[in-house]
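Here are my notes on the model you sent over. I went through the ligand sites, one helix, a pocket and a few odd backbone spots.

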Amino acid sequence: PFSLAMQEVSFNYADTATLKDINFVVPQGTRAAIVGPSGSGKSTIMQLLLDMYSVEKGIIRIAGQPLEEIKSEDLWSKVTVLLQQNHFFYGTVRENLIIAKRDATDDELREVLDEMELDFDLDQHVDEKGENFSGGEKQRLALARMWLKDTSVWLLDEPFSALDPSTARKLHEKLMKKTVGKTVLLVSHRLVGLEDLDQILVMEDGKLVQAGQPEELMEQQ
Ligand code: ADP
Ligand code: ADP
């Protein structure tokens with residue numbers, strides 16, 4: 001696993017400032033969550049870490065190296081990513097899962113679908129197109145892809161937003177077990193379950209207003 005960091009990063013999409021002087025480090029092998037209201041800049045941070053836009057000020061570092069020196073395909077091959085927008089699901093279940101792991105066996109596919117509590121009969125549904133699946137099913141299929149790809153660095157933007165609270169809680173627990181020792185950055189708008197993380201970053205209106213261990217932040221509430 002490698003570290004993720006921003007130093008004095010500012011960014012805007014159009015004329016209004018979206019992120020202002022953001023500083024944080026997620027040390028290698030640790031797990032952090034970004035929390036904050038809608039529109040506070042959480043998804044933008046994730047997208048900048050993946051080099052989807054260029055910053056106008058500041059430095060983004062991946063494993064200590066400036067992002068601009070890293071090849072995009074190298075980065076994407078080393079990071080397991082779930083963004084808001086890749087819940088769109090084209091192709092069949094099998095095709096989508098094979099993207100994550102080309103040599104996955106039927107047993108592995110069955111196992112990961114079970115893990116996501118997707119009640120798809122592999123023989124019947126695995127060759128069906130995903131476009132008619134529910135939002136929750138699509139999200140769990142996106143998670144199944146991550147489970148199969150399983151690199152040492154994971155970025156997840158509200159991975160459970162389309163799930164009911166009890167399924168979300170169960171999958172959050174599975175995620176916590178699955179990512180021990182990995183570098184994880186997770187966007188969440190719920191604080192529940194975040195006590196397992198090493199660091200919470202609190203965003204408000206494009207600024208990082210607090211950062212610390214979950215217990216420190218809970219005490220201040
Ligand atoms: P969050 O993830 O916390 O909801 P975002 O990072 O998505 O926040 O958005 C931060 C701000 O940037 C919001 O005001 C949002 O409307 C704006 N924004 C996000 N994406 C774009 C975009 N592609 N183009 C223009 N403005 C955007
Ligand atoms: P979230 O708040 O959970 O990040 P949003 O619904 O704000 O999600 O954003 C979903 C998508 O729309 C993202 O790809 C984001 O970049 C884009 N987006 C958000 N706000 C704007 C905006 N004002 N203009 C253009 N694109 C936007």
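The points below take these topics in turn.

1. A reminder before anything else: this is a predicted model. Local features are reported where pLDDT is at least 70, and side-chain atom pairs count only at pLDDT 80 or more.

2. Let's start with ligand 1. The residues around ligand 1 include a run you can follow along the chain: Pro-37, Ser-38, Gly-39, Ser-40, Gly-41, Lys-42, Ser-43 and Thr-44. Tyr-13, Thr-18 and Tyr-53 complete the shell. Sorted by class, that shell holds seven polar residues, three nonpolar ones and one charged residue.

3. Now the polar contacts of ligand 1. A polar backbone atom of Gly-39 sits 2.7 Å from an oxygen atom of ligand 1, and a polar backbone atom of Ser-40 is 3.1 Å from an oxygen atom of the ligand. Lys-42 takes part through its side chain, with a polar atom 2.8 Å from an oxygen atom of ligand 1. On its own the ligand exposes 560 Å², and the protein buries 56% of that.

4. Ligand 2 has its own set of neighbours: Ser-38, Ser-43, Gln-47, Gln-84, Gln-85 and Glu-158. An N or O atom in the side chain of Ser-43 is 2.5 Å from an oxygen atom of ligand 2; for the side chain of Gln-84 the corresponding distance is 3.4 Å. Taken alone, ligand 2 exposes 550 Å², of which the protein buries 34%. The shell around ligand 2 has no nonpolar residues, five polar ones and one charged one. If you check one thing here, look at Ser-38 and Ser-43: both appear around ligand 1 and around ligand 2.

5. How many of the eight residues of helix α1 are buried? Seven are, so the helix, residues 42-49, is largely enclosed by the rest of the structure. The buried ones are Lys-42, Thr-44, Ile-45, Met-46, Gln-47, Leu-48 and Leu-49. Among these, Lys-42 is also in the ligand 1 shell, and Gln-47 is in the ligand 2 shell. After the helix comes Asp-51, with a positive phi near 65 degrees.

6. Thr-44 deserves its own look. Thr-44 belongs to α1 and has a relative accessibility of 6%; that is under the 20% cut-off, so Thr-44 counts as buried. Its side chain makes a polar contact of 2.8 Å with the side chain of Tyr-13. Thr-44 and Tyr-13 are both among the residues around ligand 1.

7. On to the second largest pocket, with a volume of about 300 Å³. It is lined by 17 residues, and those closest to its centre are Phe-160, Ala-168, His-172, Arg-190 and Val-192. Two elements, α7 (165-178) and β8 (183-187), give two or more residues to the lining. The largest share, five residues, comes from α7. By class, the lining splits into eight nonpolar, five polar and four charged residues.

8. Two more backbone spots are worth a glance. Most residues other than glycine have a negative phi. Ala-63, in the loop between β4 and β5 (65-66), goes positive, with phi near 50 degrees. At 48% relative accessibility, Ala-63 counts as partly exposed. Asp-205 is in the loop between β9 (199-204) and β10 (207-212), and has a positive phi of about 50 degrees. At 55% relative accessibility, Asp-205 counts as exposed.

9. Finally, two C-alpha separations to help you get your bearings. Arg-61, in strand β4 (residues 57-62), is partly exposed at 26% relative accessibility. The C-alpha atoms of Arg-61 and Val-112 are 32 Å from each other, with these positions 51 residues apart along the chain numbering. Phe-2 lies in the segment before β1 (4-11) and counts as buried at 14% relative accessibility. The C-alpha atoms of Phe-2 and Lys-207, 205 residues apart along the chain, are separated by 24 Å.

Note on methods
Residues are numbered from 1 along each chain as its sequence is written. Chains are lettered from A and ligands numbered from 1 in the order in which they are written. Side-chain values use heavy atoms; hydrogens and water are left out. On a 1 Å grid over the protein atoms alone, a cavity is a set of points where a 1.4 Å probe fits but cannot get out, and a pocket is an open set with protein on both sides within 12 Å along at least five of seven lines; lining residues have an atom within 4 Å of a point. Grid points are joined across faces, edges and corners, and a volume is the space filled by probe spheres set on the points. Helices (H or I, at least four residues) and strands (E, at least two) are DSSP runs, numbered from the N terminus. Ala, Val, Leu, Ile, Met, Phe, Trp, Tyr, Cys and Pro count as nonpolar, Asp, Glu, Lys and Arg as charged, and the others, Gly among them, as polar. A residue is near a molecule or strand if one of its heavy atoms lies within 4 Å of it. A polar contact is a pair of N or O atoms within 3.5 Å; within protein, one must be able to donate a hydrogen and the other to accept it, and residues adjacent in sequence count only if both atoms are side-chain atoms. Accessible areas come from the Shrake-Rupley method with a 1.4 Å probe; for residues, only the protein chains shown count as cover. Buried means under 20% relative accessible area, exposed over 50%, partly exposed in between (1.4 Å probe, protein chains only).
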